[in-house]
Amino acid sequence: MSAQETGLTVIVLAAGGGTRMKSKTMKVLHPIAGRSMIGHVLTAAYAVEPARVVVVVGHQREEVTAHVREGFPDVVLAVQEQQHGTGHAVRVAVEAAGDISGTVLVAYGDTPLLQGDTLRDFAAEHEAAQRAVSILSGIVPDPFGYGRVLRNHEGDVEAIVEEKDATPEQREVAEINSGILAFDAEFLLSALPRIGNDNSKGEFYLTDAIAIAREDGLTVGAHLVADVDQTEGVNDRVQLARMGAELNRRIVEGWMREGVTVMDPATTWIDADVVIGNDATILPGVQLLGATVVGEDAVVGPDSTLKDCEIGVGARVVRTHGELAVIGASANVGPFSYLRPGTTLGVGGKIGGFVETKNATIGDGAKVPHLSYVGDADIGEGTNIGAGTIFANYDGVTKHRTKVGRHARTSSNNTFVAPIQIGDGAATGAGAVVRGDVPPGALAVSSGPQRNIEGWALAKRPGTAQARAAEQALAGGEPGDGDVAES
């Protein structure tokens, strides 16, 4: 029976301000491994296939709501106008959800390592044991700051006590409440109105529902998770960096176990939504970001950053920065290439050293090998663009396109002043500034015949090493030891 059939509801609490982040950005919106923290939590929540997901928002609700709606349009939003504790937040969520039944999972929007499998196993055990409340707990070496799970001699959970309300003996307990709880919906609905705020902070603690369940003679248990890091929340940027490094370690290790060679995991960063094919090789200093896809047998790196790029089977990308670019199978890019959005390189094509491309389609087998800028262009199959070529696409007001046909051969140090078309099989001369269309098979040249001004160095640079060298050469002599460098 699926979670949807049982009416499972997941509530994600994301109303807190996160003041310790010291940021204009709401805490749960801070990115980690290419997703916001709440994005990771919601991905885990939807992996359980719930009937509904409710997100409780409060601080900066407009930003959080817009972000959540963009990635998860069917989520239910609940507004907690004032933050009076987790019990109050869940009450607001239940009211927004409407008629709920079955199991209710409560999670937090700042736990980016949380996995769907963990929530699924937690919910399954809770339902199998027919408990009123279940706690996702863990054992940590330093439990300071966490609520402690208190058990009786039989091992049943009697209560959770928060750090500020715990006795010295209770603070010695190493089993902590992750904050992630599972409830029988019927019990939760009856318990929420009975939760009080008689504590040091004057808040309504959701964990007080445990004592209420015990008073009602109902079953309370704990699901001990071995990977307790999944439940760790992020409160400041130090924790954000630490959690980011740990999440990246897990992602990189996961891809290695799937058949990807990562030469130096310590300098490799891979976002959560990246996909890598079997037998791909990732060299040191690589960042694969966003929704980048790397094909089988491709080699990326060293020292490359690719965001939202598609790398074809067997392609090679060396010391390259790319964004929203598509690189075809068996193509070669780099070193020191800059692929801006809209770049498409065909099968077996080449974008070489110190080449920048933008909004450009480069056909199968076509090459832009050296020192060029290719903007707003279409380059046909098998064409070779000479070194130092500039596609002059901007007239100061409007961008224009240049179209180069199939199997064209353009020379070095060309400037193509768009909009122009260079036909199939056409060619250009060295140093040409091409301002008009070139017919198929034609050669375009724009410079006049070479003119040599004899004796210029002797006349214009007398007394210099340049003039002396020219004078000696004209006299048929060899360079002498008396040459003096110019100051």
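This short presentation concerns the two largest pockets of the structure shown above. Please bear in mind throughout that the model is predicted.

I begin with the largest pocket. The space within this pocket amounts to about 1,600 Å³. Its lining is made up of 43 residues, and those nearest the centre are Arg20, Tyr108, Asp110, Lys201 and Asn235. Four elements give two or more residues each to this lining: β1 (9–14), α4 (86–97), β10 (175–184) and α8 (237–257). Which element gives the most? That is β10, with four residues. As to the chemical character of the lining of the largest pocket, 20 residues are polar, twelve are nonpolar and eleven are charged.

I turn now to the second largest pocket, which holds about 390 Å³ of space. Here 18 residues form the lining, with Arg35, Gln115, Leu247, Ile251 and Ala272 lying nearest the centre. The elements that supply at least two residues to this lining are α2 (37–47) and α8. Of these, α8 provides the largest share, namely five residues. By class, the lining of the second largest pocket comprises nine nonpolar, six polar and three charged residues.

Where does the second largest pocket lie with respect to domain 1 and domain 2? Domain 1 spans residues 8–231 and domain 2 spans residues 237–444. Both domains give residues to the lining, so the second largest pocket lies between them.

Finally, a remark on helix α8. This helix gives two or more residues to the lining of the largest pocket, and it is also the leading contributor to the lining of the second largest pocket.

Technical notes: Residues are numbered from 1 along each chain as its sequence is written. This is a predicted model: local features need pLDDT of at least 70, side-chain atom pairs count only at pLDDT 80 or more; totals for chains, interfaces and linings use all residues. Side-chain values use heavy atoms; hydrogens and water are left out. On a 1 Å grid over the protein atoms alone, a cavity is a set of points where a 1.4 Å probe fits but cannot get out, and a pocket is an open set with protein on both sides within 12 Å along at least five of seven lines; lining residues have an atom within 4 Å of a point. Grid points are joined across faces, edges and corners, and a volume is the space filled by probe spheres set on the points. Ala, Val, Leu, Ile, Met, Phe, Trp, Tyr, Cys and Pro count as nonpolar, Asp, Glu, Lys and Arg as charged, and the others, Gly among them, as polar. Domain bounds come from an automatic or database domain assignment.
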